[in-house]
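Biologist: I am about to look at this model for the first time; could you take me through it step by step and explain your terms as they come up?

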Amino acid sequence: MIFTVMIAHANPVDDLIERIAPGCSKKFKTEKIESSKDFFELSQEGNKVCIKGNTWVNVATGLNWYLKYYCGQHLSWNNMQAVLPAVLPKVSRTELHETNLKLRYDFNYCTFSYSMAFWDWARWQKEIDWMALHGINMPLAVVGEECVWRNMLLKLGYSKEEIGRFIAGPAFLAWWAMNNLEGWGGPLPDNWYTQQERLQKQILARMRAFDMHPVLPGYCGMLPHDAKEKLNVNATPGGMWNGYVRPANLSPTDAHFDRIADLYYQELTKLFGKADYYSMDPFHETADADIDYALAGKKLMAAMKRANPKAVWVVQGWTENPRPQMIDSLKQGDLLVLDLFSECRPMFGAPSVWRRTEGYGKHDWAFCMLENFGANVGLHGRMDQLLHNWELAHQLPASQTLKGIGLTMEGSENNPIMFELMTELPWRSHVDKASWVKDYLKARYGKGNVQVQKAWNILSNTIYNCPAGNNQQGPSESIFDGRPSLNNFQVKSWSKMRNYYSPASTLEAARLMNSVAEEFRGNNNFEYDLVDITRQAMDDQARLQYLHTIADINGMDFAAFSQDSARFLNMLLLQDSLLGTRREFRLGHWIEAARSLGKTPAEKDLYEWNARVQITTWGNRECADKGGLRDYAHKEWQGLLKDFYYKRWSLYLDALSKQMYAELKPDPDALGGGPNANKTSSELFAMALPHGPVIDWYAVEEPWTKLHNTYSAKSEGDPITMAARVMKFLEK
């Protein structure tokens, strides 16, 4: 490669080094070199490690590669601090990595609510550092989108009160932005708009300093549901979404469309500047209607191009979107499709239930990993399927228009191994899973270990290897988290959960990790993984314990039921104690973050209510129960287990016990016919089937969402000691 003149300006990578390893930037020489090829290069110049790249993001990616594979320092969400030696390991031979995949995208709209709803600048700064270290140069940036909308709607004649009923609360802004609901969780106070506008400006400034290209939210026709009457425009009612009234859709053929779209982009640009990429997902999760999709696509594209003629429209490849009719006539290069679930349900041409034979035709696209739905806690991955589909993406005709990768998780801060693998793919010509996992472990823990390697070999071939044909949404769900019944399996309505690994595998992996835990005491990454893997083993064994308990009911074994139900509840409480040893698994880190954003007691209470509702009922009674949203964002967190899930299970198991005891008692009226004497045969048949007590779960759950009892984010107890205690319990 021929390098040209170094570009001289502020060096954000040196600043990043000072944040992750204070005082260590002087040990490195970081250079941005002008080149048409995306690359990073590691070399040695005297006592300094030299890292070059053609963008600051690529330089940061090279830094991360060096930290992992030369220093045994793995930075991820659970640990963004590196401990470097006084003398850095030398780069004995120049190491060059290049990629043709220039676009590396990050985030799903849902991520901004499920994970980031209450992030402040300190937390965002760490995330941007993580993105830079992992090669992300095209992050979705929708913080403060509601500020743009408020300004636009005020100019359209909406009152402050009307806007408050339209824009959702902090924990539900993603689904408002995706045109799914109005107002739930609001109204937002003035202070919220002020601080989010300021926060977004900080975020964008830092992203741009790293040479990232933030993806700003574009305009695709959304308006309040009453827009037709209020504005006298041709806005189609959005109908309902799981019990919520959806916003209206302004027809692109309406005479007012261009005016309103231009007003939106003017307000967006005024607050946050122009973007090279705009995200728009029209007709998201909607049934086909009498819509001229081709015209709609042209109008949306034209409005975006008026805001920035060089901009590219970013659209999600999800279910029926983007409609082929909408994009077929658009110019090549003006559109980038995110193939949102490439590791499971690819649409780019690989075999799947969503396969599009021709992929996205002439349009550019990115291979994306969704991985997590609802920010649920649990070990999960599709390693073999991810690598297989990645190879196919380079062999099928769609390879001609493949431009990058994307991380499109609904929730972040989980399963770091999967995100590490995904972000390395553009920089590697081939990945052998077994050798890659071995190198990953050495980087993550700073040294190799036979028992640790055995544990992760088990995990990478079982729970982290969800097979093709299994379409479940994210991790296998904890039995603790679901509304109790006689037939508990999946927790949320649409998880599509299906067994694909043996619970013995996670138990053995946990045993192996615990067997060498003392050797890794104080190792942040190891202790995080130890708790996470032991937690998973407990979850999987608890599901078996639940089945034993239900078998006792069906077998009318009162003594066994009493013993097994008590053991199940003890497992739940022990899980709570285990998770309490790590901040990441404590409810307090979520609640404290929510309350900290409030400026007044009323604001703090509103944000806490948002935080509590999202992870439990999600919606009101109608939306939680009939809409099916309850427990969608369930969390395996300390505090939530003890105060929410334990309450449900203890209530249910107690009711089952009373029901069983009542059924064992003889009926004094039986000889005289009793209350069932006149029932039909079908009614008697139904009565004979197993049935549990009927409980109004929403009435049990809602009171907790309105409480303000304190949950601390500070860890309690020793993770190694608690993990050992769990294993001792499980091995009884």
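Modeller: A residue is called buried when its relative accessible area is under 20%, exposed when that value is over 50%, and partly exposed in between, using a 1.4 Å probe and protein chains only. Helices (H or I, at least four residues) and strands (E, at least two) are DSSP runs, numbered from the N terminus. This is a predicted model, in which local features need pLDDT of at least 70 and side-chain atom pairs count only at pLDDT 80 or more, while totals for chains, interfaces and linings use all residues. Residues are numbered from 1 along each chain as its sequence is written, and side-chain values use heavy atoms, with hydrogens and water left out.

Biologist: Which residues of α8 are buried?

Modeller: Helix α8 covers residues 190-209, and its 20 residues should span 28 Å at 1.5 Å a residue, which agrees with the 29 Å between its end C-alpha atoms; the expected span is 1.5 Å times one less than the number of residues. After the helix comes D211, with a positive phi near 70°. The buried residues in α8 are W192, Y193, Q195, Q196, L199, Q200, I203, L204, R206 and M207.

Biologist: How many of the 14 residues of α2 are buried?

Modeller: Helix α2 (residues 56-69) should span 20 Å, and its end C-alpha atoms are 20 Å apart, so the expectation and the model agree. This helix is mostly covered, and of its 14 residues the number buried is 13.

Biologist: Which helix gives the most residues to the largest nonpolar core?

Modeller: A nonpolar core is a set of buried Ala, Val, Leu, Ile, Met, Phe, Trp, Tyr and Cys residues joined through side-chain atoms within 4.5 Å. The largest one here has 244 residues, and those with the most contacts inside it are W124, W456 and W618. With 11 residues, the helix that gives the most to this core is α18 (residues 524-554).

Biologist: Which side chain does D529 join in a polar contact of 2.6 Å?

Modeller: D529 lies in helix α18, and it counts as buried because its relative accessible area is 4%. Counting contact as heavy atoms within 4.5 Å, and leaving aside neighbours within four places in sequence, D529 is in contact with R444, Y445, W456 and M513. A polar contact is a pair of N or O atoms within 3.5 Å, where within protein one must be able to donate a hydrogen and the other to accept it, and residues adjacent in sequence count only if both atoms are side-chain atoms. At 2.6 Å, the side chain that D529 joins in this way is that of Y445.

Biologist: Where does the side chain of T462 find the backbone oxygen that lies 2.6 Å away?

Modeller: T462 is placed in the loop between α16 (450-460) and α17 (503-515). Not counting residues up to four places away in sequence, T462 touches Y500, Y501 and S505. The backbone oxygen lying 2.6 Å from a polar atom of its side chain belongs to I458.

Biologist: How many residues apart are R19 and D129, the pair that links distant parts of the chain?

Modeller: A salt bridge is a side-chain nitrogen of Lys or Arg within 4 Å of a carboxyl oxygen of Asp or Glu, and the structure holds 42 of them. In one of them the side chains of R19 and D129 meet at 2.8 Å, N to O. R19 is in helix α1 (residues 12-20) and D129 in helix α4 (residues 121-133), and along the chain their separation is 110 residues.

Biologist: Are R612 and E608 buried or exposed?

Modeller: R612 forms a salt bridge with E608, their closest N and O atoms being 2.8 Å apart. The two are four residues apart in helix α21 (residues 601-614), so about one helical turn separates them. Both of these residues are buried.

Biologist: How many disulfides does the structure hold?

Modeller: A disulfide is a pair of cysteine sulfur atoms within 2.5 Å. The sulfur of C368 is 14 Å from the closest cysteine sulfur, in C344, and is therefore too far for a bond. The number of disulfides in the structure is zero.
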